[in-house]
Structures are given as structure tokens and as C-alpha cells.
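Please look at the structure below before reading on. The report that follows works outward from one residue to the chain around it.

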Amino acid sequence: MALDRARTSSLRESLVKNPTLNLLANLTLREIKGQYKKSVLGRAWSLLNPLANIAVYSLVFGILVRAEPPLGTNSGLKSFALWIACGIIPWGFLATGTSVGRGALTDNAALLTKVYFPRFVLPTSTILALASTFVTELAALTLFMGLAGAGPRVLLRLPVLIPIVILNTAFVLGVSLVLSIGMVYFGDIQHIWGIFLQLWLYASGIVLPLAYVQQAQDKYHFPFVMIFQLNPGYQFVEAYRNVLYDFAVPPLSRWLVMLVWAVVAMGIGALVFRKFSAQIVEEL
Amino acid sequence: MTSSAVVVSDVSKSFRIYRDRQRSLKATVIKGGRARYDEFWALKDIDLEIQQGKTFGLLGNNGSGKSTLLKCMAQILRPNKGSITHVGRMAAMLEVGSGFHPDLSGRDNVYLNGAILGMSKAEIDGKFDSIVDFSGVSDFIDQPVKNYSSGMYVRLGFAVSIHVEPDVLLVDEVLAVGDMAFQEKCTEKFAEFHREGRTVVVVSHAVDQMRSFCDDAGWLRKGELMGVGPAQDVINEYADQAHNTPGAEVGDETHLKGHVGSGEVTIDRFELLTDGHEVDHVRTGDAVTIRMHFTCHKPVEKPQFGFELEHDSGFVVWGHISDEKDYPFPTLTPGTGAVDLVIPSLPLRPGVFSINGGIAAVGRARGVEQVLRALTFSVRGGEPHETSGVAVMHSRFENLVQG
């Protein structure tokens, strides 16, 4: 007990006394407060965008294409709109996170050329701010799932979301570290990444269930399913769906895949960032 | 024996100047190689030691590499070769208010800017009142900074910067912010830094400011360190030699821009002469003639000629308009002509000056012709050699009385 208290106080102390942590906290807060203050509706906008996407995809794939929604394992849910919602919101974090994160250095050129501070703080604070937005969206989604028929049972699964969000954030940060350095050298990465995200959306099974991919594989004898399984986008989004749509804990294999992707992305991100971050200023 | 606060050893820095305007991944993949570039050496083998507790000035013309060296010291740029070490905590003041967010309050921005400059939360908490007090914006501290006047914005930014209280402070020409009262406060703060034994490295080309401000100085030309030593000596040497280089800023204005006037006469060019020869620099105490060449298109009765000397800083040092009573010029008739202004002994100290010229006519409200900064020239050290400012007064000391 006494030891615990000592540990908390030293953590708080380092937050108060460590300049880099202080900078990370301040820049993250700057992003978050900036989002709130930019418009009257503030963060409500961040919820309206996914809602519009959910409506469009539900209409196109659920009603026009008449795609069959999968059956929620424990929840017994069978709603295309809810299934889409559980995919679109996590996908939004992947897409927005990497898109905003890739500009973390180039958008702050004025700051980078005038002050020295540990450069990793910029992409990290951007991603942390977006992660906090994502958590609000997840909270809204969970509430919505509870109201839509799942009832209070969904709350029991909430703790499972925490490690998924952490692994997912690490993955997005790792990718953003690489992209933000890349943007310094190649301005067209933003266009290339925009196109890539379009493809990645469909390759991650956000809008069409895996059953359709299986059908395509049987028909064309091409390992589409394996591609999906290897795709980190699919794995992360499915993990959220496991919890929120199926009310289940993701299988061990999925945890491992997520862990590997998070570690690999962070590892490569850190290596690239360490190699280049000292010399980016002259290219800005 | 004092020890070194900053040691720069054998530092070289080059920049790549890319031939293609915009580099893209697409072009790189298609061409199958890296973009083509020229290498430009901004710093060449710089060795420099800055003593602890001194205020050190880095001088040089634009493009001499002085700001690059400062940025290398500040770790913003990484040298290609060599190393830079420093003692204690270092802070750079290359800009004030870095990272201010317009939508956030002054209070939030103090914390944000302080964090960017490397202060911890506890440190900012402790200095907050002092920062706000120094900035003089306490009434508006909870307002978003986008509502601040530019003066308030700069003062708040400067107040945060100056409260970092580093062992080594790097400053890039940001001394002149705010009104007179605020500048005095800043000067006092720098003096306090000096008393406390902190080291300040300042980059500037405002030679006179540096003279009163610095203990030691070094000067750079085209990336090479030309001299280091006590500020007075180095600054004199710099003022003498820097203006000697056939550079962009001296005497290259061959055709004039920005004519203002009714246009009966146009000023073509100016000549600076000593001993009857055209020169691009003069020395304190020289007999100088400024010759104004003009073309007259329509006759002008009772013409008046005006000359001004303007200091580098934009301040008019002197002006003289011919008076009809002292020297009535005859009517100007179409054709080309010239008029001389004679200065028997130039009472200006070393610096860069420009000539403004004008032609008017008695009884007419509107000028006939005027050109500003038509010719820029440098004044180098001559006789007498007095200490600072723009003028020499042939002053002397006498009558020392003791006990």
C-alpha cells in the first residue's frame, strides 16, 4: 500500500518535473482544445462524420446491395447498420490517425525550424489527441449498442476494449512516424496515402462481411481470405466488432496478430524516426 | 581561468539545393534514383569556444552562415561534420511565441510555449506570475491570444522565453520588440543574466547594438570564421572588412526605382566621389562629393535640390535642401545635367548609408522628382575614431579632477 502510494507520487512527480512529458501533455491538450474551440458544436462534429458514413454504407450495402449482416455470436444481433457502425468508427481512427499523423512534422515546420525539442513529441501528441477523440466515439458507440438491443451486458466487455485501443494506437503511431518522415522528403505521399486508404478500406472488410470474401475465394481460387487475415486493418476492426457486436473476447490468435503488428509498426517507426529526425529541418 | 560554455569543434554544414522544384515519390520511382541537387556549404570548419558568463556576438552579412551556426548550436540543425558541446541548460530564442495557438487563452499559451521551450509544469507554475507580470498583459491573460494586439502577443512570447533562465541563451535578432519601456525591461533582464554569470550568444548585423551589448564577438564571411576576440576589436575589423566585399548590399543600384513627383525632371543616378574619383565606400573624415545626374524634360523655374543620408536602420541622419536665398539655381532647361553636393569632412562613423535625392521648385507644393535609397555605400573607419553611434563630433576629454 505504502509502496503503491510512493509509485503514484513518483509518476505524478515525473509528469510535473519532466519537460518532455510536459510538452507531450501540452501539445496533446493543444490539439484537443483546438478541436473543441474551432466550432460551436466542438467535438460533436467528430461524431457526425462517422454517422454520415454509417448511413451511406448501410443504405448502399445493406439496403441496395442487400448484403447479409453476420450474426452476433453472443449478442444475437443481426443488423447491417450496427455491424457497419462497429467497423466504421475503428476504421475512422486508422484512416484519420494516419492521415493527420503523416502531416505532424510538415504542418509544424514553423515550430521545428525555430525550437529544438524531441521531435517524436509532435506525431505522438497528434495521435494521442486523436486517440482521445476515438475513445469518446467508442463510448458513444457502446452506449448506442446498449440502447440498440444489447442492453447493459455490453458494459461487461468494456475492459477488453482498453488493450485493443492501446495496441491500435501503437500501430497507428508507428505508421504515422514513418509517414511523417516520408512527407518531409516526398510531398506526394499525401495523395498516394489517400488512394491507399480507399483500397485498404475495402481490403479490411469494413463494409462487406468476410462471408462475401470467402465466396469470392471459392469462385476465383485466389487466397483473398488470407490477405484479409494478414491485413492489420481487418484484424483491429474485427477485434472491436468481437467486443461490441458479438459481445465476445477476441480469439488469442487475433491478440497475437495485433501485438505483432503494433510492435512491428512501432519498431520500424522508431528506427526510421531516429535515423532521420535530426536532419529533417533543412528539408522543410 | 574561465571555462567554456559552448565548444564548437571543426563544424561544417552543407545544405542541398534541389534542382527539381518539388520532389515526389512518383518522380523518384520513375527516374529510379534520388533527386539531383547541388551542395552548398553554409559553414566550413568552424572552431570556436565561448567562455562562460560572457555575452558573445556573432556577426556577418546576410548569408554568411551566422544563423546556421546558431541553429547548429541550438540542435535545430545537425552539422555534417564536427561537434558542438555545451554546459548546463541551453535555450534558443529564435522567435518569440513559438507554437502559440490563437484559439487558446494567454494562460494556456504560457504553459504551452513554456513546455515547447523545455520547461516542466512545476517550473512554469513557479514562474507564471512573474511571466505575466513581465509581459504586462495580466488583464487579458484569460482571453484567447487571437484577440491580442501584435505588441501584446510578442511581449507575452518574449516574457516566456526570457523566463526559461538557461545557462546558455541563444538569441537571433529579437532584441527589438515592444515599445521603449518594454525594451528597457528586456535590456535590464539581459544585464541580470550577465550578472548571474549566464552565457548569451547573440546573432545580429546591427553593429552598434552589438558593440555595447557584447563582451566577445566573432565574425563570419561565406561560412568561414574570420576573427574572434574582444567585441570592440572584432566589430571594428568586421565593419572595416565586411563592407569591403563586393556584395549585394553595397553600391549595386545602377538604375533607379520608385520615382515620385510631377516628372519634368528625372534623376538618373548618383555618384559618390572622393578626390574626383567615383568610389563605393568612403572613410570617416573624407572630403566627399555626391553628384546627382538628371534629365530635364520640361523647363523648371527656381529649382531646388535636396539630398538626404539615410542610415541602414531606416533613420535619416542628415538632409539639406538648397535655399533660393543662399544659392539660387538658374532655370533648368531640357537636356541632361548634374549637380554636386560637397561635404568637406564626413562626420559619420562606420556603417551603411543610402542617399535620398529630390528636386523641387520654389512656390510649388508638389515635388518635381524624388528617389529614395538611390545609392547605398559604406563608411569605414577613418579619423577621428570615436566609440559608438552614427556621428563623429571631434569630441575630447579634459579637466579630470580628483579628490
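## Around one alanine

Leaving aside neighbours within four places in sequence, Ala217(B) is in contact with Phe56(B), Gly57(B), Leu59(B), Met210(B), Ala231(B), Val234(B) and Ile235(B). The model is a predicted one. Ala217(B) also belongs to the largest nonpolar core, which has 136 residues. Leu170(B), Val201(B), Ala217(B) and Ile235(B) are the residues with the most contacts inside that core. Another core lies apart from it and has 26 residues, including Val352(B), Ala360(B), Val368(B) and Phe377(B).

Strand S8 of chain B covers residues 216–221. Is this strand mostly covered or mostly exposed? Five of the six residues of S8(B) are buried, so to speak of it as mostly covered is fair.

## Strand pairs

Strands of a sheet pair through backbone hydrogen bonds, and the pairing is either parallel or antiparallel. Both kinds occur in the pairs listed here.

| Strand pair | Bridges | Direction |
|---|---|---|
| S3(B), 55–60, and S8(B) | five | parallel |
| S8(B) and S9(B), 224–230 | six | antiparallel |
| S10(B), 265–274, and S13(B), 288–296 | eight | antiparallel |

Single residues show how these pairs line up. Leu59(B) has Trp219(B) in S8(B) as its bridge partner. On the S9(B) side, Leu220(B) stands opposite Leu225(B). S8(B) and S9(B) form a hairpin with two residues between the strands, and Lys222(B) in this hairpin takes a positive phi near 45 degrees.

S10(B) and S13(B) are part of an open sheet of four strands, in the order S11-S10-S13-S16, with antiparallel pairing. Which strands stand at the edges of this sheet? They are S11 (277–278) and S16 (335–343) of chain B; each has a single partner strand, so one side of each is left without a neighbour in the sheet. Between S10(B) and S13(B), the bridge partner of Ile267(B) is Phe294(B).

## A helix and what it packs against

Helix H5 of chain B holds 13 residues, 150–162. At 1.5 Å a residue it should span 18 Å, and its end C-alpha atoms are 18 Å apart, so the expected span and the model agree. The buried residues of H5(B) are Tyr153(B), Arg155(B), Leu156(B), Gly157(B), Phe158(B), Ala159(B), Val160(B), Ser161(B) and Ile162(B). They pack against strand S5 (90–93) and against helices H3 (106–116), H4 (121–135) and H6 (180–195) of chain B.

## The contact between the chains

How many residues does each chain bring to the contact? Chain B gives 30 residues and chain A gives 28 residues. On the side of chain B that touches chain A, the elements giving two or more residues are H1 (25–31), H3 and H4 of chain B. H3(B) supplies the largest share, four residues. By class, that side of chain B has 15 nonpolar, nine polar and six charged residues.

## Chain B as a whole

Chain B contains eight helices and 18 strands. Of its 403 residues, 37% are buried. Among contacts in chain B between residues at least 6 apart in sequence, 73% join residues at least 24 apart. The C-alpha trace of chain B spans about 85 × 75 × 50 Å along its principal axes.

Chain B is divided into domain 1 (4–242) and domain 2 (265–380). The C-alpha centres of these two domains of chain B lie 40 Å apart.

Notes. Residues numbered from 1 in each chain as written. Chains lettered and ligands numbered in written order. Predicted model: local features only at pLDDT ≥ 70, side-chain atom pairs only at ≥ 80, totals over all residues. Domains from an automatic or database assignment. Expected span 1.5 Å × (residues − 1). Buried ≥ 20, exposed ≤ 12 C-beta atoms within 10 Å, placed from the backbone. Contact = placed C-beta atoms within 7 Å. Nonpolar A, V, L, I, M, F, W, Y, C, P; charged D, E, K, R; others polar. Pairing = 2+ DSSP bridges. Core = buried A, V, L, I, M, F, W, Y, C linked by C-beta atoms within 7 Å.
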